[in-house]
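Subject: Structure handover and notes

Dear colleague,

Here is the structure I promised to pass on, with the sequence alongside it. My notes follow below, and I would be glad if you read them with the structure open.

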Amino acid sequence: MVLKEEILRRRTFGIVSHPDAGKTTLTEKLLLFGGAIHVAGAVKSNKIKKGATSDFMEIERQRGISVATSVMGFEYNGYKINILDTPGHQDFQEDTFRTLTAVDSVIIVIDAAKGVEPQTEKLMGVCRMRKTPVIVFINKMDRPTGDTFDLLDDIEKQLMIKVVPLSWPINNGPEFKGVYNIYESSLSLFNPSITDIEKGIKFDTLNEPALDQLIGNDAVVLREDLEMVEGIYPDFDHAAYLAGELAPVFFGSALYNFGVRELLDTFVKLAPSPRPKKSEERLVHPEEETFTGFVFKIHANIDPNHRSRIAFVKICSGMFERNKNYRHIRLAKTFKYSSPTAFMADKKEVIENAFPGDIIGLPDTGNFVIGDTVTEGEILHYKGIPSFSPEIFRYIENADPMRSKQLAKGVDQLMDEGVAQLFTSQLNGRKIIGTVGALQFEVIEYRLEHEYNAKCRWESISLYKACWIESEDKVVLDDFKKRKYNKMATDKQGRDVFLADSAFILDMAQRDFPKIKFHFTSEF
Ligand code: G4P
């Protein structure tokens with residue numbers, strides 16, 4: 001019974017946005033509501049500011065911050081909220097994609113003046129693929145914006161999802177008066193000088209003269225707008241939202257703490273509690289008595305004095321208990337965890353137990369890799385933590401022959417953390433590192449030196465894409481591998497990878513070998 005209640009009150013979600021749309025500001029305001037922090041400015045942006053790409057101190061500082069703020073749990077009105085933070089910098093988007101495998105829903109923040117930006121589109125693509133329920137928060141309404149209906153049109157088209165506004169802005173920019181909450185039929189008036197929690201004024205009908213007294217002529221426009229909203233948009237369909245087919249939209253200004261309470265109050269009502277999760281073997285329901293979970297993130301060497309790592313585990317079913325024996329499926333070994341931690345806002349604390357939806361940190365000495373499943377004994381493999389086909393490649397060479405062991409260990413561990421992907425060329429056994437962003441090479445080099453006392457050198461290699469190949473026809477597959485011998489490699493798990501020089505060559509290969517499947521994520 002306790003388990004069921006604990007599951008129902010949990011909301012585990014991620015906030016995503018294109019950099020600068022206001023994700024950090026919104027996160028901070030949500031934490032203020034939850035009493036998890038008490039002053040603004042407590043959550044530092046974990047984005048690496050423009051121009052700081054070679055500032056390694058900055059990278060290190062960000063890593064320190066991001067471990068503290070990568071999961072922020074707090075209590076709000078009887079709900080246990082877990083916000084999973086995602087890196088803003090696009091070179092770390094793979095980290096974001098992986099984090100999204102551990103959320104039950106997502107809030108997408110959009111800058112009202114800029115509309116849908118490239119990162120927003122990509123992130124929405126991931127949500128669509130997983131059918132993750134999405135709520136859209138249109139931020140910065142205190143700045144001049146275009147027409148609200150046009151903006152919603154763009155969102156529908158570019159994000160390829162139906163939207164339905166649950167609140168409506170009254171003007172924008174310097175004329176921004178506030179937001180009418182359609183879902184609750186209440187009006188909240190904007191006051192930039194009062195950054196305290198705003199309260200809505202309830203209206204039984206929009207025809208009340210009090211509305212005109214409060215917002216003057218804007219009341220007329222609001223009535224017209226809402227009539228149009230009613231005509232254009234369907235009624236909010238909760239089931240469609242849960243199926244990831246319909247996104248409710250809210251407006252506000254995170255900086256001025258405006259519209260955030262409505263967002264949060266509605267969010268806790270609408271957003272799903274932990275949902276069943278697919279494993280290779282079967283669908284696992286959160287209410288099942290036995291504990292299961294999976295690792296979606298690993299953070300290593302945060303404290304240079306301790307060679308410790310933290311594995312972030314999302315609990316999918318049952319209750320996790322401290323000091324109980326659990327099975328590490330990939331290693332087929334049993335482990336006991338004496339100091340699992342929970343993340344409450346900016347602090348970590350050792351916990352006795354945790355429930356589905358929660359994220360726990362397990363101290364790790366190198367046993368975990370991303371995607372590992374932990375259970376009470378049942379053989380299960382959770383799915384859905386793909387590596388994406390990298391797009392930037394370099395040979396990695398040892399720059400200090402005395403330290404080849406350190407280099408190998410460092411590379412191995414950084415790959416476990418998911419910083420990049422390692423391929424071994426079949427032709428000459430050379431190691432190739434593939435990433436989705438250029439910044440990762442700098443991060444790897446810096447971390448190898450500072451955490452593993454190893455030095456590496458990069459050598460350029462011109463490749464277009466690495467893709468995993470498979471075929472039911474072994475003869476065809478062997479033939480392909482023989483013909484493309486000098487372009488074949490293996491990944492860390494020993495799977496076949498084709499390194500295509502150009503889009504043209506990849507195209508040709510796909511055409512010439514229709515019986516071979518070319519995969520662009522490692523999960524197929
Ligand atoms: P991000 O995490 O999505 O990258 O965005 P972040 O919250 O860091 O916000 C980016 C910038 O936008 C910040 O200004 C922030 O103060 C501002 N901002 C966020 N929400 C609003 C809003 O509702 N209205 C307005 N007008 N501005 C908003 P900055 O100057 O880049 O950073 P900072 O020096 O204030 O930290």
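I begin with a contact that is easy to find on screen: the backbone oxygen of Leu255 lies 2.8 Å from a polar atom of the side chain of Lys29. Please keep in mind throughout that this is a predicted model, and that every value below was computed from it.

**Lys29 and its surroundings**

Lys29 sits in helix α2, which covers residues 23–33. What is the nearest side chain of opposite charge to Lys29? It is that of Glu28, at 5.1 Å, and Lys29, although buried, has no salt bridge. A salt bridge here requires a side-chain nitrogen of Lys or Arg within 4 Å of a carboxyl oxygen of Asp or Glu, so the 5.1 Å that separates Lys29 from Glu28 does not qualify. The polar partner that Lys29 does have is the backbone oxygen of Leu255 mentioned above. Leaving aside residues up to four places away in sequence, Lys29 touches Ala254, Leu255, Asn257 and Val260.

**The ligand**

The ligand is surrounded by 17 residues, of which the closest are Asp20, Lys23, Thr24, Thr25 and Asp142. Helix α2, the helix that holds Lys29, gives the most to this shell, with 3 residues. Three polar approaches to oxygen atoms of the ligand may be worth displaying:

- the side chain of Asn139 has an N or O atom 3.1 Å from an oxygen atom of the ligand;
- the side chain of Ser253 has an N or O atom 3.0 Å from an oxygen atom of the ligand;
- Leu255 places a polar backbone atom 3.2 Å from an oxygen atom of the ligand.

On its own the ligand has 710 Å² of accessible area, and the protein covers 70% of this. Leu255 thus appears on both sides of the account, since its backbone oxygen lies 2.8 Å from a polar atom of the Lys29 side chain, while a polar backbone atom of Leu255 is 3.2 Å from an oxygen atom of the ligand.

**Salt bridges**

Side chains of opposite charge can pair when their charged atoms come close. The structure holds 35 salt bridges, and I describe some of them here.

Arg10 pairs with Asp358, with the closest N and O atoms 2.7 Å apart. Arg10 belongs to strand β1 (residues 10–17), whereas Asp358 is in the loop between β21 (353–354) and β22 (359–364), so this pair ties together parts that are 348 residues apart in sequence. Both Arg10 and Asp358 are buried, and both belong to a network of salt bridges that links them with Glu6, Arg9, Glu75 and Lys80.

Two other pairs each lie within a helix. Arg447 forms a salt bridge with Glu451, at 2.8 Å between the closest N and O atoms, and the two residues, 4 apart in helix α12 (residues 439–452), are separated by about one helical turn. Asp478 and Lys474 also meet in a salt bridge, at 2.8 Å from N to O, and these residues, 4 apart in helix α13 (residues 474–483), are likewise about one helical turn from each other. Are the members of these pairs buried or exposed? Arg447 and Glu451 are both buried, whereas Asp478 counts as partly exposed at 32% relative accessibility and Lys474 is exposed, with a relative accessible area of 56%.

**Two backbone positions to check**

Most residues other than glycine have a negative phi. Ser185, however, has a positive phi of about 50 degrees although it is not a glycine, and Ala332 also has a positive phi of about 50 degrees without being a glycine. Ser185 is in the loop between β8 (178–181) and β9 (186–189), and at 28% relative accessibility it counts as partly exposed. Ala332 is in the loop between β17 (325–328) and β18 (333–336), and it too counts as partly exposed, at 45%.

**The chain as a whole**

The secondary structure of the protein chain comes to 14 helices and 31 strands, and buried residues make up 55% of its 524 residues. Among contacts between residues at least 6 apart in sequence, 71% join residues at least 24 apart. The protein chain exposes about 22,900 Å², of which carbon and sulfur atoms supply 51%.

With best wishes

Note on methods: Residues numbered from 1 in each chain as written. Predicted model: local features only at pLDDT ≥ 70, side-chain atom pairs only at ≥ 80, totals over all residues. Heavy atoms only, no water. Buried < 20%, exposed > 50% of the residue type's maximum accessible area, 1.4 Å probe, protein only. Lys, Arg positive; Asp, Glu negative; His and termini not counted. Polar contact = N/O pair within 3.5 Å; in protein donor to acceptor, adjacent residues only side chain to side chain. Contact = heavy atoms within 4.5 Å. Near = heavy atom within 4 Å. Areas by Shrake-Rupley, 256 points an atom, 1.4 Å probe, with all protein chains shown as cover.
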